[in-house]
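Trainee: I'm new to this one. Could you take me through its salt bridges up close, pair by pair?

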Amino acid sequence: MNNILEVHNVVKAFSNHTALDDVSINVPEGCVFGLLGRNGAGKTTLIRIINRITAPDNGHIVFNGHEMTPDDVALIGYLPEERGLYRKMKVGEQAVYLGMLKGLSRNEAQRRLKKWFEKLDILSWWDRKLEELSKGMQQKVQFVITVVHEPKLLIFDEPFSGFDPVNARLLKNEMLELRDKGHTIIYSTHNMESVEEVCDYFAIIDKSRVALSGKVDEVRRKFREGIYDVSYEGNVSLQDCERYKVISSGFQGNETYFKVSKINGTSNSQLAGELAKHGELMYFAEKLPSMNDIFVKTVGE
């Protein structure tokens, strides 16, 4: 898989603070790439460098196979964490204007925007002033403006901030649909809850450096701890044995639930066979660590 973006050994310092220290990441084409880290870790500084808002002190950026140039910014859509639309202007009027700034004709901008507005159920607000919209609706408008020129690379900085669960789910689905159409998305966040369902690859930035990076499912398997969720039909009792240790148990409805830890050297087949001796197994699956677990283990509480 080709990389649409490569960040090589980037360093950026402000006064006596180093915001990025020898940071390198590769973003494969056609994926959602999670740029993860605590507030102040350096994520936004890196995004600003990718957007050529500021320049690195050292290092360089490769975009779409060549050294990045000012012209490449037209191929990027950026949704910053701090929204920046004009509150007194009508929604449709400024959306068309911003679409034209991104190279679309007035007619094409209007056509694409109205299609998106209808899809996100905000078309009725086309002729309203932005200040009349709720924060969530304003965020939908800025999302549409970010994607309307169909850039190769989209950068979303905390895009779900302020959204209720329904609209957050809507936006996640739109992100995945854009990915499936061939767009590449950098999703910057300090909130790990949605990383597993949205991201294909990730990098954790901590204290201005890349602390961990890779493919989400591969890293989760790498951090596995041999924990399994098990359930039985009826009331069943389990005790520690040479194959596993019981971590927790519970009973609900007509099923008994256990969380067990596999003893080193035990295969999955051996574990399942031992567990099956105690009753009718209804469920048996390894519990991989969440990205939140991995994040905490990597950067600390």
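Mentor: Let's start with how far to trust the model, then go through the pairs.

This is a predicted model, so local features need pLDDT (the predictor's confidence in each residue, from 0 to 100) of at least 70, side-chain atom pairs count only at pLDDT 80 or more, and totals for chains, interfaces and linings use all residues. Residues are numbered from 1 along each chain as its sequence is written, and side-chain values use heavy atoms, with hydrogens and water left out. The chain averages a pLDDT of 93, and 99% of its residues score at least 70. Confidence is lowest in helix H4 (residues 135-147), with a mean of 90, and highest in strand E3 (residues 32-36), at 97. Those labels are DSSP runs numbered from the N terminus: helices (H or I) have at least four residues, strands (E) at least two.

Now for your salt bridges. The term means a side-chain nitrogen of Lys or Arg within 4 Å of a carboxyl oxygen of Asp or Glu. Side chains of opposite charge can pair when their charged atoms come close. Searching the whole structure turns up 21 of them.

Take Lys152 and Glu29: their closest N and O atoms are 3.7 Å apart. Lys152 sits in the loop between H4 and strand E7 (153-157), while Glu29 is in the loop between strand E2 (17-28) and E3, so the pair ties together parts that are 123 residues apart in sequence. On accessibility, buried means under 20% relative accessible area, exposed over 50%, and partly exposed in between (1.4 Å probe, protein chains only). Lys152 is partly exposed at 30%, and Glu29 is partly exposed at 31%.

Next, look at Arg38 and Asp206, whose side chains meet at 2.9 Å, N to O. Arg38 belongs to the loop between E3 and helix H1 (43-50) and Asp206 to strand E9 (residues 201-206), so this pair ties together parts that are 168 residues apart in sequence. Arg38 is partly exposed, with a relative accessible area of 29%, whereas Asp206 is buried at 13%.

The last pair is Glu108 with Arg111, where the closest N and O atoms are 2.7 Å apart. Both are in helix H3 (residues 106-119), 3 residues apart, which means about one helical turn separates them. Glu108 is partly exposed at 23%, and Arg111 is partly exposed at 49%. Follow this pair outward and you find a network of salt bridges linking Glu108, Arg111, Arg112 and Glu150.
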